[in-house]
Amino acid sequence: MFNLIGPIQPISAYRADLVRIRRDLHAHPELGFEEVRTAALVAAELERYGVDEVHRGIGRTGVVGVIRGRGRGLGNGAAGGRGRDDAAAGGRTIGLRADMDALPMREENDFAWRSTKSGLMHGCGHDGHTTMLLGAARYLAATRNFDGTVHLIFQPGEEGFAGAKAMIDDGLFERFPCEQVFGMHNWPQMPVGRIGVNPGPMMAAADKVTITIDGRGGHGAHPHLAVDPVLVAGHIITAAQSVVARNVDPFESAVVSLCAMDAGDVGAMSVIPRQAKLVGTVRTFRADVQDMIEQRLKTLCESVALGFGASADVRYERIYPATINTAPEAAFAADVAASLVGEERVVRNMVPSMGAEDFSFMLQVRPGAYLRIGQGGEGGCFLHNTRYDFNDEILPLGAALHASLAERAMPLSA
């Protein structure tokens, strides 16, 4: 599917080890901030590869590995390399990030490495992401063909726990300086061997909306004596769709989805409840659009409820910001990808996804880029599907892409 050039060929030599690690991680999934076994495995592998430093407990269960190159003034790895402070003072630095956590979902696969934990599953490929970065670590620690310091960031809690923010709040970039930071995610909708990036938005901001409607309960046979919050909820659900259709510029992108409703009791057919609750999500790329939708939803819901004699309280929570690549780093990453797979297999203006990603927190404080690596429709399943599995065929390519980003960002002097 792709040529064995650059780091791909030497990394392919230990592909079997990577497959073993990836399937072990898949069989033993852990939720955000519970990645104790995963973090221990990562740390043990990094130590086995001979990286210069291994730091545990960054952002609770995160791990950071440090590898120093053999450029002039940086010595030969642990034997003569400068410390973190020296790297911050003058040496080049780069961060490579992988997420480690699984999802609270039941796996329906029947292969030998399926989840051993009921109700937990690596349904998004973080087992593969972790393994690809380990593959890069093994190669970089052995070759050190770069002039600077690589910080390998194994992040906990991406699936809704804001693990990236936890690591940043724990001093990630102060302790491990990064001039640039890069991350990647497998993408079943792209063929194996293709890599995508965009010089701008890659993923949307994810906000949570909770709308609580208070009416007056009563008997379903005497609705005139009640204020029905279910009726109000129905009108709010319909009216909320006008926010994007009639308030957002048609050339912008936004989604408002009210996805759940809680009201009354299905066993009480004639009871009008006192309260109804709606829960949903808002997805945007721009802060001004995000601000406008928040304000419009609050005004709209309160007004609709008031028109029926009820009241509505809107709680708007900003969970993850938008994942916005910086243009120079996106172009650089695309060039590196092209050197591995050929220009014809690189999508340089990939259509952004309305999904969300907490790598966004890292891109808020450091230049960088988030890429997609095609894994093909393995089993015909998209991410978060109960029959999803990471495609082991792309492990060497993903590891080589990580490694090449480091080597090309911090080249050895001639």
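In this predicted model, strand β5 (residues 180-187) is mostly covered, with eight of its eight residues buried. Its side chains alternate in direction: Gln 180, Phe 182, Met 184 and Asn 186 point one way, while Val 181, Gly 183, His 185 and Trp 187 point the other way, and all of these residues are buried. Strand β5 pairs in the parallel sense with strand β3 (residues 93-99) over four bridges, where Gly 95 stands opposite Val 181 of β5. Parallel pairing also joins β5 to strand β16 (residues 368-374), here over seven bridges, and in this pairing Asn 186 stands opposite Ile 373 of β16.

An open sheet of four strands is arranged in the order β10-β12-β8-β13, and its pairing is antiparallel. Because β10 (254-263) and β13 (311-320) stand at the edges and have a single partner strand each, one side of each is left without a neighbour in the sheet. From one strand to the next, the twist averages 20°. The partner of β10 is β12 (residues 275-284), which pairs with β10 in the antiparallel sense over nine bridges, and Met 261 has Leu 278 in β12 as its bridge partner.

Two helices lie across strands of this sheet, as set out below.

| Helix | Strands crossed | Angle |
|---|---|---|
| α8 (residues 229-247) | β8 (205-214), β10 and β12 | about 170° to β10 |
| α9 (residues 287-307) | β8, β10, β12 and β13 | about 160° to β13 |

Edge strand β13 thus appears among the strands that helix α9 lies across, whereas the strands listed for helix α8 are β8, β10 and β12.

Definitions and conventions: Residues are numbered from 1 along each chain as its sequence is written. This is a predicted model: local features need pLDDT of at least 70, side-chain atom pairs count only at pLDDT 80 or more; totals for chains, interfaces and linings use all residues. Side-chain values use heavy atoms; hydrogens and water are left out. Two strands pair if DSSP finds at least two bridges between them. Axes are lines fitted to C-alpha atoms, for helices over the stretch in contact, and angles run from 0 to 180 degrees between N-to-C directions. Contact means heavy atoms within 4.5 Å. Buried means under 20% relative accessible area, exposed over 50%, partly exposed in between (1.4 Å probe, protein chains only).
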